[in-house]
Amino acid sequence: MTDTHAHLDRLETPEAALERARGLKAVLSLGTDAASSAAALEFAGRWPNVYAGVGLHPTEAEAFSEEVAERLRALAAHPRVRASGETGLDYYWDAAERTAQLRVLAFQLELARTRDLVMVFHVRSKEGSDAAERDLEAWLGEHRPPRFVLHAFGGDLRLAATGLELGGYVSFAGNLTYKKNAHLREAAAALPAERLLVETDSPYLPPVPKRGKKNEPVFVRYTLEALAGVRGVSFEEMERITDENARRLFRW
Ligand SMILES: [Zn+2]
């Protein structure tokens with residue numbers, strides 16, 4: 001199993017969670033600012049199956065400065081860093097101006113290109129709106145990042161189609177298992193197998209039957225089970241496919 005998206009520094013007992021996750025092929029821990037990007041890299045230094053992403057989350061975009069950029073560039077030089085992110089567009093929280101978010105996206109693209117990293121995109125609009133998805137779709141078409149993943153896929157089929165056309169991957173999180181999300185399961189059944197990934201987004205989005213608990217990397221099993229179920233393949237086959245997809249994309 002592979003967890004392609006976790007925030008290990010936000011877990012209450014990350015070392016214990018990683019002990020339980022020893023059997024996972026890989027865990028990618030994403031940074032959301034300079035300090036958490038450095039923390040992700042520290043986990044990667046201590047655990048052979050952990051890799052790091054270096055980035056400034058869109059909700060942190062107002063904190064961007066040349067100094068922050070320099071810190072992130074320095075961290076990204078490490079060989080255990082495989083992702084530029086978490087990055088993207090967030091219009092849900094009103095935490096940062098759109099122009100600030102676009103400036104960070106441009107920086108993360110530069111980082112991805114110079115260090116040959118995978119861009120990891122977060123996208124979230126206000127309830128009832130798809131403004132962030134449409135803006136990210138346009139941005140992707142214009143800038144064409146060489147390797148990228150749409151993380152914690154939320155069901156926007158237009159964005160998925162554009163992402164796939166541009167060579168991107170789509171990652172499913174624990175919300176795939178939520179009763180109300182039949183539309184996500186429909187999408188998961190229809191997308192091409194060779195572009196599918198699974199993740200936890202730990203400590204967020206715990207899958208059924210762990211709802212109400214803090215999520216952790218080993219719980220990726222439940223999302224993988226759900227994905228296998230909707231695609232009508234065995235757990236082992238789905239595991240093999242998603243492990244191989246992640247290995248090909250992140251080159252671990
Ligand atoms: Zn995340």
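Begin this tour of a predicted model by selecting Pro209, which is found in the loop between strand 8 and helix 8. The peptide bond that leads into this proline, from Val208 to Pro209, is cis, with omega near 15°. Stay in the loop between strand 8 (196-198) and helix 8 (220-231), and select Pro203, which lies there as well. The peptide bond from Ser202 to Pro203 is also cis, with omega near 5°. Such bonds deserve a pause, because most peptide bonds are trans.

Now select Asp201, whose place is again in the loop between strand 8 and helix 8. Phi of Asp201 is near 60°, a positive value in a residue other than glycine. Is Asp201 buried or exposed? Asp201 counts as buried, because it has 24 C-beta neighbours inside 10 Å, and the cut-off for that word is 20 or more.

For a contrast, go to Asp94, in the loop between strand 4 (81-90) and helix 4 (98-115). Asp94 has a positive phi of about 50° although it is not a glycine. Asp94 is exposed, because 9 other C-beta atoms lie within 10 Å, where the limit for exposed is 12 or fewer.

**The whole chain**

Zoom out and colour the protein chain by secondary structure, so that its nine helices and eight strands can be told apart. Taken along the principal axes, the C-alpha atoms fill a box of roughly 50 × 40 × 35 Å. The radius of gyration of the protein chain is 17 Å, which agrees with the value near 18 Å that a compact globule of 252 residues would have. Of these 252 residues, 52% count as buried. Among the contacts with a separation of 6 or more, 67% are between residues 24 or more positions apart.

**The sheet**

Select the eight strands together, and you will see an open sheet with the order 1-2-3-4-5-6-7-8 and parallel pairing. Strand 1 and strand 8 stand at the edges and have a single partner strand each, so one side of each is left without a neighbour in the sheet. Going from one strand to the next, the twist averages 30°.

Start at one edge with strand 1 (residues 2-6), where five of the five residues are buried, so this strand is largely enclosed by the rest of the structure. Strand 1 runs parallel to strand 2 (residues 26-30), and three bridges join the two. Select Asp3 to look at its bridge partner in strand 2, which is Val27. To get from strand 1 to strand 2, the chain passes through helix 1 (residues 14-20), and this β-α-β crossover is right-handed.

Move on to strand 3 (residues 50-54), which three bridges join to strand 4 in parallel. Here you can select Gly53, which stands opposite Ala83 in strand 4.

Next, follow the chain into helix 4, which lies across strand 4 and strand 5 (118-124) and runs at about 160° to strand 4. Arg98 has its place in helix 4, and it counts as partly exposed, with 15 C-beta neighbours inside 10 Å. Add Ala61 to the selection: Arg98 and Ala61 are 37 residues apart in sequence, and their C-alpha atoms are 8.9 Å apart in space.

**Towards the other edge**

Select strand 6 (residues 148-150) and strand 7, which pair in the parallel sense over two bridges. Across this pair, Leu150 stands opposite Val170 in strand 7. The chain crosses from strand 6 to strand 7 through helix 6 (residues 157-165), in a right-handed β-α-β crossover.

In a regular strand the side chains alternate between the two faces of the sheet. Both faces of strand 7 (residues 169-172) are covered, with Tyr169 and Ser171 buried on one side and Val170 and Phe172 buried on the other. Three bridges join strand 7 to strand 8, and these two strands run parallel. The bridge partner of Phe172 in strand 8 is Val198. Another right-handed β-α-β crossover takes the chain from strand 7 through helix 7 (residues 182-190) to strand 8.

**The nonpolar core**

For the last stop, which residues touch the most other members of the largest nonpolar core? Of its 79 residues, these are Val118, Val149 and Leu227. Select Val118 and leave aside its neighbours within four places in sequence: its contacts include Arg82, Ala83, Phe148, Val149 and Phe250.

Conventions:
Residues numbered from 1 in each chain as written. Predicted model: local features only at pLDDT ≥ 70, side-chain atom pairs only at ≥ 80, totals over all residues. Helix = DSSP H or I, 4+ residues; strand = E, 2+ residues; numbered from the N terminus. Pairing = 2+ DSSP bridges. Right-handed = clockwise from strand over helix to strand, strands pointing away. Axes fitted to C-alpha atoms, helices over the stretch in contact; angles between N-to-C directions. Contact = placed C-beta atoms within 7 Å. Core = buried A, V, L, I, M, F, W, Y, C linked by C-beta atoms within 7 Å. Rg over C-alpha atoms; globule rule 2.2 N^0.38 Å.
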